[in-house]
Amino acid sequence: MSRLYLVTGFLGAGKTTFLKNLVRCFPGQRLALIINEFGREGVDGALLSDLGVTLAEIDNGSIFCACRLEQFEDTLRDTLDQEPDVILVEASGLSDPTSVGRILGQREKFAGLTYAGAICLVDAARFHKVYATARVCKLQLAVADLILINKTDLATTEQVARIREEVEAQRPGRPVHETSFGALDPAWLFSMSPAGSDGPPSIHTRDVTLQKLTLTIGKGFTPASLEKFLAMFAEDTYRIKGFVPLSGQMYLSDCVGPLVRLEPWQGDAVNPGKLTVLFGNGLPARKSIQTAISWYPECEVTVE
């Protein structure tokens, strides 16, 4: 039997770093990863490619939505054919995973699969903002079998205590742990006890409150000017992610809310020059982006 762990968490909660730590919890076992990203540009796959495990990517939509559910099921069956001991699925930060029990409970499709449960990462630094503006945050917590309050180094003790109180109120009886940099104790995995789910899988339609666009970054930017450009609208977004070639060097852009990060990248780069921007209703991202573009007329930027 292959055990499947689902990793959820809103954009920027630290899922990619957490996955690197989670892989180390299964020494000597055969592992497979299925990575799901909402944007068209698959970035997490490139960031995880050095783990030395089987990896499949599903981009441009949530694996639990009608647009990608069939592809996810096909990918999962192909993965099961390889007979791994453990399958780790990283869901998009914008996914609604409430149908996971019904989907994975289809024995006629997934014989040999045991669902070990969902691990939900909570961003201690941004929890209240995203919890108030993004419906999927509540839905991800609703099916969590293990909750990790991550990035506690960026929050006060009082903030972390308040977050713990709120997530325990929504998901009573489920283990909650505090951590930073996605660190975990392997013993935490044994405390998970996924609830069963009967009936046919429900198919979700797209959440219209979630928005995305792609920025194509052309000539004219230096690393310093691109950081300033992104900082003009990053606060009005959930996430900005992608690879950009600048001055003969590849850079990874990974912005979470107002925190702009641009650093040199030496590995493989998917769709260089394309940045996926994710935001929600009520956030003036499009207007802020157009304002930022107007401040840099000498630089080539297009919006899709």
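**Rings and cavities: a conversation**

Colleague: What makes F221 count as buried?

Modeller: F221 has a relative accessibility of 6%, and buried means under 20%, so F221 counts as buried. Keep in mind that this is a predicted model.

Colleague: Y296 is partnered with F221 in an aromatic pair. Why is this pair called tilted?

Modeller: The ring centres are 5.8 Å apart, with 40 degrees between the planes. Centres within 6.5 Å make a pair, and planes that are neither under 30 degrees nor over 60 degrees apart count as tilted, so the label fits. The two rings also link distant parts of the chain: F221 is in the loop between β8 and α8, Y296 in the loop between α9 and β13, 75 residues apart.

Colleague: And why is Y296 called buried?

Modeller: Its relative accessible area is 13%; the limit is under 20%, so Y296 is buried too. F221 and Y296 also belong to one aromatic cluster with F229 and F233.

Colleague: Turning to cavities, how do you know which element gives the largest share of the lining of the largest cavity?

Modeller: Four of the lining residues come from β5, the largest share. This cavity has a volume of about 100 Å³, and the search of the whole structure finds two cavities of 30 Å³ or more.

Colleague: What makes up the lining of the second largest cavity, by class?

Modeller: There are four nonpolar, no polar and three charged residues. Asp, Lys and Arg count as charged, and the lining includes D123, R126 and K151.

Definitions and conventions: Residues are numbered from 1 along each chain as its sequence is written. This is a predicted model: local features need pLDDT of at least 70, side-chain atom pairs count only at pLDDT 80 or more; totals for chains, interfaces and linings use all residues. Side-chain values use heavy atoms; hydrogens and water are left out. On a 1 Å grid over the protein atoms alone, a cavity is a set of points where a 1.4 Å probe fits but cannot get out, and a pocket is an open set with protein on both sides within 12 Å along at least five of seven lines; lining residues have an atom within 4 Å of a point. Grid points are joined across faces, edges and corners, and a volume is the space filled by probe spheres set on the points. Helices (H or I, at least four residues) and strands (E, at least two) are DSSP runs, numbered from the N terminus. Rings of Phe, Tyr and Trp (its six-membered ring) pair if their centres lie within 6.5 Å; planes under 30 degrees apart count as stacked, over 60 as edge-to-face and the rest as tilted. Buried means under 20% relative accessible area, exposed over 50%, partly exposed in between (1.4 Å probe, protein chains only).
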